[in-house]
Amino acid sequence: MLSFFVTVLYLNSMAQNDLPNVKIKTLTGKEVNFNSLGNTGDTAVIVSLWATWCIPCINELENINEQYEEIQKETPFKIAAISIDDSRTSSRVKSFVAGRGWTFDIYLDVNSDLKRALNINDVPHILIIKKGKIVYQHNGYVPGNEIELFEKLKSL
């Protein structure tokens with residue numbers, strides 16, 4: 001069963017990817033350009049594309065959330081969790097996140113514009129952005145992947 005969720009790790013071996021100029025929304029409905037999320041100076045941003053119906057996505061974000069404060073002390077970073085829930089299920093995201101107690105930034109990609117711009121087919125999908133460039137990508141989730149993610153983050 002875990003073979004279905006086999007993790008595919010890869011580093012971008014070509015020039016680092018520029019961030020697409022795509023609008024996403026905050027939970028309050030404010031539009032934000034995705035490429036502005038990466039303009040955090042030297043602070044890395046973990047971007048998680050996820051959905052409320054995706055069990056591996058939820059497990060990954062739960063495990064990241066459990067270690068968030070501890071890892072923040074060692075390596076300052078931000079997290080942006082971007083839901084790809086469509087118009088039928090996106091109304092549940094705010095209460096879903098509140099019920100989980102996630103404290104990181106949550107955004108919505110209701111029309112999957114960002115997902116298409118990044119050429120992402122499946123969730124969960126993790127990116128690490130640093131200095132406005134995608135420096136790492138990871139698709140899928142099995143328990144323990146968050147440890148590898150944090151190790152990569154520390155090495156940047």
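**Strand β5 and its surroundings**

Val47 stands opposite Leu127 in β8. This pair belongs to a predicted model, and the pairing of β5 with β8 is antiparallel, over 5 bridges. Strand β5 also pairs with β6. Here the two strands run parallel and are joined by 7 bridges. Within that pairing, Val45 stands opposite Lys78 in β6. Between β5 and β6 the chain passes through α1, and the resulting β-α-β crossover is right-handed.

The wider fold provides the setting. The protein has 4 helices and 9 strands. Read from the N terminus, the elements follow the order β-β-β-β-β-α-β-α-β-α-β-β-α. Of the 156 residues, 49% are buried. Among contacts with a separation of 6 or more, 73% link residues 24 or more positions apart.

Strand β5 is largely enclosed by the rest of the structure, because 7 of its 7 residues are buried. Both of its faces are covered. Ala44, Ile46, Ser48 and Trp50 are buried on one side. Val45, Val47 and Leu49 are buried on the other. In a regular strand, side chains alternate between the two faces of the sheet.

Ser48 of β5 illustrates this enclosure. Its relative accessibility is 1%, so Ser48 counts as buried. Beyond its neighbours up to four places away in sequence, Ser48 touches Glu60, Leu61, Ala80, Ala81, Ile82, His125 and Ile126.

The largest nonpolar core holds 48 residues. Phe34, Ile46, Val47, Trp50 and Ile82 touch the most other members. At least two residues of this core come from each of β5, α1, β6, α2, β7, β8, β9 and α4. In soluble globular proteins, nonpolar side chains tend to be buried together. Phe34 shows how one core residue is surrounded. With neighbours within four places in sequence left aside, Phe34 is in contact with Leu19, Pro20, Val22, Ile24, Val47, Ile82, Leu114, Leu118, Leu127 and Ile129. Val47 and Leu127 of the opening pair are thus both contacts of Phe34.

Asn33 lies in strand β4, residues 31–33. Asn33 has 26% relative accessibility and so counts as partly exposed. Its contacts, not counting residues up to four places away in sequence, are Asn21, Val22 and Lys23. With Lys23, the side chain of Asn33 makes a polar contact of 3.2 Å. Leu19 is 14 residues from Asn33 along the chain, and their C-alpha atoms are separated by 9.8 Å.

The helices were examined next. Helix α4 spans residues 145–155, and its buried residues are Asn145, Glu146, Leu149, Phe150 and Leu153. Viewed down the axis of α4, these residues fall within an arc of 140 degrees, so they line one face of the helix. An α-helix has 3.6 residues a turn, so residues three or four places apart point the same way. The buried residues of α4 pack against β5 (44–50), α1 (55–74), β6 (77–83), β8 (125–130) and β9 (133–139).

Helix α2 has Val93, Phe96 and Val97 as its buried residues. Down the axis of α2 they fall within an arc of 95 degrees, so they too line one face of their helix. Ser95, Ala98 and Gly99 are exposed on the other side of α2. The cover over the buried residues of α2 includes β5, α1, β6 and β7. Gly101 follows α2 and has a positive phi, near 75 degrees.

Gly101 is also among the contacts of Asn65, a residue of helix α1. Not counting residues up to four places away in sequence, Asn65 touches Arg100, Gly101, Trp102, Thr103 and Phe104. Asn65 has 19% relative accessibility and therefore counts as buried; the cut-off is under 20%.

Technical notes. Residues are numbered from 1 along each chain as its sequence is written. This is a predicted model: local features need pLDDT of at least 70, side-chain atom pairs count only at pLDDT 80 or more; totals for chains, interfaces and linings use all residues. Side-chain values use heavy atoms; hydrogens and water are left out. Buried means under 20% relative accessible area, exposed over 50%, partly exposed in between (1.4 Å probe, protein chains only). The arc is that of the directions from the helix axis to the C-beta atoms. Contact means heavy atoms within 4.5 Å. A polar contact is a pair of N or O atoms within 3.5 Å; within protein, one must be able to donate a hydrogen and the other to accept it, and residues adjacent in sequence count only if both atoms are side-chain atoms. A nonpolar core is a set of buried Ala, Val, Leu, Ile, Met, Phe, Trp, Tyr and Cys residues joined through side-chain atoms within 4.5 Å. Two strands pair if DSSP finds at least two bridges between them. A crossover is right-handed if, with the strands pointing away from the viewer, the path from the first strand over the helix to the second runs clockwise.
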